[in-house]
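Please look over the model shown here, beginning with how far its coordinates can be trusted and then turning to the place where its chains meet.

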Amino acid sequence: MTVATVDVSTGSGSIRISLGGEIDLENAATVEQEILGVVSDGFTAVSVDLTNLTYMDSIGIRILFDLASRLQESDMVLELIAPRDSPARQLLDISGFGALATLSPPSSQPPSVAG
Amino acid sequence: MSLPDEPGNASTAGDQLRRIDAVTDAALAHLNVEDLLLELLERVQALLEVDTAAVLLLDAAAEYLVATAARGIEAEVRQGVRIPVGKGFAGRIAVEKKPVILKRVDHTTVLNPILQERGIRSLLGVPLLSRAGILGVLHVGTLGARRFTEEDVRLLEIVADRVAFATESRRAEVERTAATVLQRSLLPARLPTVPGLEMTARYVPAELGGVGGDWYDVFGTPSGGLCIVIGDVVGRGFEAAAVMGRLRSAVRAHALYEDDPAEVVGRLSHQVQRFDGHRMVATVQVAMFEPRLARLRVASAGHLAPVLVIPGQPAAVVEVANGPPVGVRNGPRYPVTTVDVPPGALLCFYTDGLVERRGSALDVGVKRLCGALVAGPVESVCASVMAQLIGGEAPGDDVALLVMRRQASAGNGPLELVMPALPGSLKTIRDAMRGWLLAVGAGPRVVVDLLLAVGEACTNVVEHAYRRGGGMVEVYLELQLPDVVATVRDTGRWRPPRGGNRGRGTVFMRKCASDVHIDHGPGGTTVVIRRSLAEAEAR
């Protein structure tokens, strides 16, 4: 069974969601619901930490894209945290996330325009 | 609660016998407890010529007597009357454990307002006693003034005896059934499929003294390893099974966040000491396989060490550093023992019911176990261990046995998987790939690339096959130096990827591989993914 952990910590006006484990077709809907369940209009900044994610594919990227678009509509900033050598970062870099979210740490090369 | 030695003067011996017959009637035995109580109360009403009869049973906390069956004062049961032990008429009988006759019923002698409202003048009550102690109270009452005789008391005591026996056996049966069902539901219905590792288990509940709290569990960890848990809760019956359920969930929860078995056991021990209610103690062993299955890390809280059989060598007990059972005290950190598990080796986890025999030392049983183990197919090894150690005897304690064997060395041979095209297969495929890729010397970047590329191809198969209602996905990995070649095949009709997401999947697949070739044949679709073993050379 594919297992992901979703840990949430909140500060004043900000929320940080740490994802761990693996996300694939089996648990994507559950993970997405958990994330959407904690993000509300009350926050001005949302960061998602992908450091401890050991597997994610295009389904996980789709969840992040949808989240980023939702937040953009409400003028909220999305920050995605993933170390440069992590599996998630590899995906973020080839997905062209630069326009929708802040990558942390920043990419070493200028982000490509399209995914 | 013996039969009267001499019949009282109030009635003839024949009369006495008739009355006793009425309440010890063998025909009543087939009734369930609820019906039996009502039937007995009705007969008591007629025999003793009383207006009311009621049974109150002690609750689980032994604090209150709860009205359970009644004749003539049915409202007592319907309103769920509770009498504190030690207070009022019934409460006094429960404490004194002997018959009480009340000649005057008012608020100073009786707590239950229903008895007063009903207009009861006289009351006789006897305790319901079992070997274990007080079970409850049986009482009868009359609306007119009545002087209860010694003979009335004796007859009511015989009825009480019967009620106590029926109630106790019923309770024991319910508890035994519930404990067995609970324990069964908490053991894995099916062990996980782990490529490269075959495993099987046996579980036999104790036949004497009620089921215990033995359990085992095997599940994949988020980091691609495998977690094996075996434990034994001290105690018997429903309570032990319930505690086992809590421990099982707790271990699974801690293993989500912790890759260190000692940390998992440590947190468990800490948590157990906060379990409310009865103090409980359990032995627990948590063993974690790393993804390529070559090494196992074991942390043990007072549990028997596993036995390892390396091909060509005799079975040997693994030297595991043991800590105290969980729930005993908060000690220092639990020690971790690392065990090398070479290809073809067999591991045996078990609980003490397998090796412990009355009148013989524990290590005698462990030696017999070692003698019964060989590095062979797990099913036949398990059958042989059970035959040699249990044989035909009725186990006096639960027996749990979990046997697993690493596949004999595949060298750098190909990895071949055929799995149902279901979302749940994706993780199994990834875990098998991780193990195989590490074994062929792939670096982390190569592993990530291939997991992703093959993952996207498999997800595509699953999504399509899933909508069609079934099918298989085949994954084949082979070394063609300097490349790894992965082939993903399904037998369905190719559907072009839908929407932006599946399109993105194909883009990822191509970006992670040196070359991707998709072939849509009449018999199905074949995706061939080629990736160099050199770390930086994906695209």
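The paragraphs below go from conventions and confidence to the fold of chain B and then to the contact between the chains.

This is a predicted model, in which local features need pLDDT of at least 70 and side-chain atom pairs count only at pLDDT 80 or more, while totals for chains, interfaces and linings use all residues. Residues are numbered from 1 along each chain as its sequence is written, and chains are lettered from A and ligands numbered from 1 in the order in which they are written.

The model scores ipTM 0.89 and pTM 0.54. In chain B the pLDDT (the predictor's confidence in each residue, from 0 to 100) averages 84, with 88% of the residues scoring at least 70. Among the elements of chain B, strand β16 (residues 346-350) has the highest mean pLDDT, 97, and helix α1 (residues 13-24) the lowest, 65. Over residues 1-10 of chain B pLDDT stays under 50. Where pLDDT is low, the predicted coordinates should not be read in detail.

Chain B contains 13 helices and 22 strands, taken as DSSP runs (H or I of at least four residues for helices, E of at least two for strands) and numbered from the N terminus. Of its 539 residues, 42% count as buried, that is, with 20 or more other C-beta atoms, placed from the backbone, within 10 Å of their own.

The contact between the chains, with residues paired when their C-beta atoms, placed from the backbone, lie within 7 Å, takes 22 residues from chain A and 25 residues from chain B. On the side of chain A that touches chain B, β2 (14-22), β3 (45-55), α2 (58-73) and α3 (87-95) of chain A each supply at least two residues.

Note on methods: Two residues are in contact if their C-beta atoms, placed from the backbone, lie within 7 Å. A residue is buried if 20 or more other C-beta atoms lie within 10 Å of its own, exposed if 12 or fewer, and partly exposed in between; C-beta atoms are placed from the backbone.
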